[in-house]
Amino acid sequence: MDILIKNGRVLDPKNNVDEVADILIRGGFVWDIAPQLSATKGKVTVIDAAGMWVTPGLIDMHVHLREPGQTHKETIDSGTRAAAAGGFTTVCAMPNTSPVCDSPEVVAQIIRARLEKSTITVLPVGAITRGLEGREIAALEEMSPVIFAISDDGKSVADEAVYLEAMKRATALGLPILAHCEDLSLTGAGVMHAGEAAEKLGFRGIPSESEDNVIARDIELARQAGAKLHICHVSTAGGVELIRAAQKAGQAVTAEVTPHHIALIDEDVMNPNFKMAPPLRGRADRDALIAALKDGTIGVIATDHAPHHEDEKQDFVCAANGIIGLETAVPIAITHLVETGVLTPLELIAKFTSNPAEILRLEACLSLETLADITIIDPKARHTIDKDTFKSLSRNTPFHGCEVTGRVVYTISRGRIIYKNK
């Protein structure tokens with residue numbers, strides 16, 4: 001069945017398009033884009049998108065789907081339904097599953113589950129080291145035809161010789177490295193950012209240096225290897241400066257920030273749903289992250305969607321790190337970046353589409369004959385975030401009850417409507 005999207009504000013950063021137009025979808029592809037298209041003969045679904053943004057399908061570079069092995073937290077089915085509700089048509093599945101995604105066999109298991117259970121595109125990310133243990137390099141060459149990046153996410157590869165060799169092999173294979181930067185010897189028993197808020201709450205703090213030192217090291221190793229390095233979930237002002245300096249030196253270094261690190265700071269911590277790694281930092285750090293989004297130093301917004309069962313989020317000190325984010329990313333980003341004038345709508349959508357697509361060697365645009373992955377967003381819809389309406393199996397969000405602006409109304413994957421906000 002054809003789909004005709006009428007009167008929407010088409011935002012296509014790859015083609016630098018920001019204009020009101022209609023889009024006709026036929027056979028799963030973008031068939032026509034022009035003002036005032038007419039409904040075609042035969043069956044057609046007409047969507048009136050007046051006042052709404054019509055964008056390429058959103059891409060999330062950093063998602064934990066938990067399958068295989070941790071399906072009490074999330075499954076490919078529930079996680080991708082949550083992604084669709086958040087406007088995402090493509091997600092990168094991080095490798096810290098059980099078993100770890102460090103072999104062609106585990107990758108094949110994830111691909112099979114994706115084909116059986118998902119209406120969106122799930123891109124497997126392979127582990128850098130076997131078992132994420134940091135000692136032996138995983139089967140990169142064998143996995144390379146079916147993975148899109150490598151990462152030991154949740155951990156940093158401590159052994160520099162192992163990491164450098166892995167970077168060299170990834171460079172030869174054309175695979176970007178998604179780096180979780182954390183020195184566990186400095187993190188120690190810390191549970192939130194080291195600062196006045198931690199002192200008031202009586203919690204051990206995590207210094208910014210635990211992140212900054214490893215960012216600096218990884219940038220240097222990537223320079224030696226000629227690798228494409230992507231710094232995950234940057235949270236510190238120092239990290240921003242290191243990334244900015246590497247980019248100015250001409251190095252292939254990119255970075256992402258999460259919606260929660262732009263919306264919240266350590267002073268906002270109230271319960272275990274505010275605990276994540278890296279932790280919520282100070283106000284100056286958040287200001288630096290927002291400035292880096294504005295000047296392009298940070299080119300990607302990614303959720304680090306990390307579902308946990310409620311039993312794992314009871315006590316702050318013992319709680320697992322991480323929060324869910326797929327279903328709150330768009331309203332949080334619009335509220336804190338567009339409504340405040342930090343980014344234009346086109347700039348924001350680039351952080352969710354063309355920029356991550358470039359890193360992952362994907363296509364994310366609304367050109368004719370491209371696959372019809374499309375997100376329709378009402379940028380002015382005011383609503384209250386309600387975790388009990390989520391598609392995710394988990395409910396670990398700090399944003400429950402928050403008043404926000406912006407809502408995903410439709411998600412179209414491969415020319416089919418897979419989510420409609422009723």
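**Stop 1: the largest cavity**

Select His180, Cys181, Glu182, Ile206, Ser210, Glu211, Ala277, Pro278, Pro279 and Arg281: these residues line the largest cavity. Keep in mind that this is a predicted model. The space inside the largest cavity is about 60 Å³. Colour the lining by class, and you get five nonpolar, two polar and three charged residues. How many cavities of 30 Å³ or more does the structure hold? There are five. How does one find such spaces? Rolling a probe the size of a water molecule over the atoms shows where empty space is left.

**Stop 2: the largest pocket**

Keep Ala277 selected, since it belongs to the lining of the largest cavity and also lies among the residues nearest the centre of the largest pocket. Now add Gly154, Ala320, Asn321 and Gly322, which are also among the residues nearest that centre. In total, 28 residues line the largest pocket. Its volume is about 490 Å³. Which classes make up the lining of the largest pocket? Count eight nonpolar, 13 polar and seven charged residues.

**Stop 3: the second largest pocket**

Next, select Glu327, Thr389, Arg407, Tyr419 and Asn421. Of the 16 residues lining the second largest pocket, these are the closest to its centre. The pocket has a volume of about 330 Å³. Now highlight two strands, β15 (374–384) and β16 (403–413). Each of them supplies at least two residues of the lining of this pocket. By class, the lining holds six nonpolar, six polar and four charged residues.

**Stop 4: the whole chain**

Clear the selection and show the chain as a cartoon. You should find 13 helices and 17 strands. The radius of gyration is 21 Å, close to the 22 Å that the globule rule gives for 422 residues, so the chain is as compact as a globular protein of that length. Turn the model to see its extent: the C-alpha trace spans about 65 × 50 × 45 Å along its principal axes.

Switch to a surface view. The accessible surface of the chain comes to about 16,300 Å². Carbon and sulfur atoms account for 50% of that surface. What share of the 422 residues counts as buried? The figure is 60%.

Now think about contacts. Take those between residues at least 6 apart in sequence. Of these contacts, 74% join residues at least 24 apart.

**Stop 5: a helix that is mostly covered**

Select residues 345–352, which form helix α12. Is this helix largely enclosed or open to the outside? Seven of its eight residues are buried, so helix α12 is largely enclosed by the rest of the structure. The buried ones are Pro345, Leu346, Leu348, Ile349, Ala350, Lys351 and Phe352. A useful rule while you look: an α-helix has 3.6 residues a turn, so residues three or four places apart point the same way.

**Stop 6: a buried histidine**

Go to His230, in strand β12 (residues 229–231). His230 is buried, with a relative accessible area of 0%. What does His230 touch, beyond its neighbours within four places in sequence? Show Met61, Ile177, Leu178, Ala179, Thr254, Ala255, Glu256, Val300 and Ile359: His230 is in contact with each of them. Then draw a distance from His230 to Ala149. The two are 81 residues apart in sequence, and their C-alpha atoms are 9.8 Å apart in space.

**Stop 7: unusual backbone**

First, the background: most residues other than glycine have a negative phi, and most peptide bonds are trans. The next four selections are exceptions.

- Glu67 and Pro68 are joined by a cis peptide bond, with omega about 10°. Look for Pro68 in the loop between β6 (58–63) and α1 (76–85).
- Ser98 and Pro99 are also joined by a cis peptide bond, with omega about 5°. Pro99 sits in the loop between β7 (88–93) and α2 (104–117).
- Asn7 is not a glycine, but its phi is positive, about 70°. Asn7 is part of strand β1 (residues 2–12).
- Asn16 has a positive phi too, near 55°. Find Asn16 in the loop between β1 and β2 (17–26).

Finish by comparing the cover of the two asparagines. Asn7 is partly exposed, at 29% relative accessible area. Asn16 is exposed, at 62%.

Technical notes
Residues numbered from 1 in each chain as written. Predicted model: local features only at pLDDT ≥ 70, side-chain atom pairs only at ≥ 80, totals over all residues. Heavy atoms only, no water. 1 Å grid on protein atoms, 1.4 Å probe; cavity = no way out; pocket = protein on both sides within 12 Å on 5 of 7 lines; lining within 4 Å. Points joined across faces, edges and corners; volume = space filled by probe spheres on them. Nonpolar A, V, L, I, M, F, W, Y, C, P; charged D, E, K, R; others polar. Helix = DSSP H or I, 4+ residues; strand = E, 2+ residues; numbered from the N terminus. Rg over C-alpha atoms; globule rule 2.2 N^0.38 Å. Buried < 20%, exposed > 50% of the residue type's maximum accessible area, 1.4 Å probe, protein only. Contact = heavy atoms within 4.5 Å. Areas by Shrake-Rupley, 256 points an atom, 1.4 Å probe, with all protein chains shown as cover.
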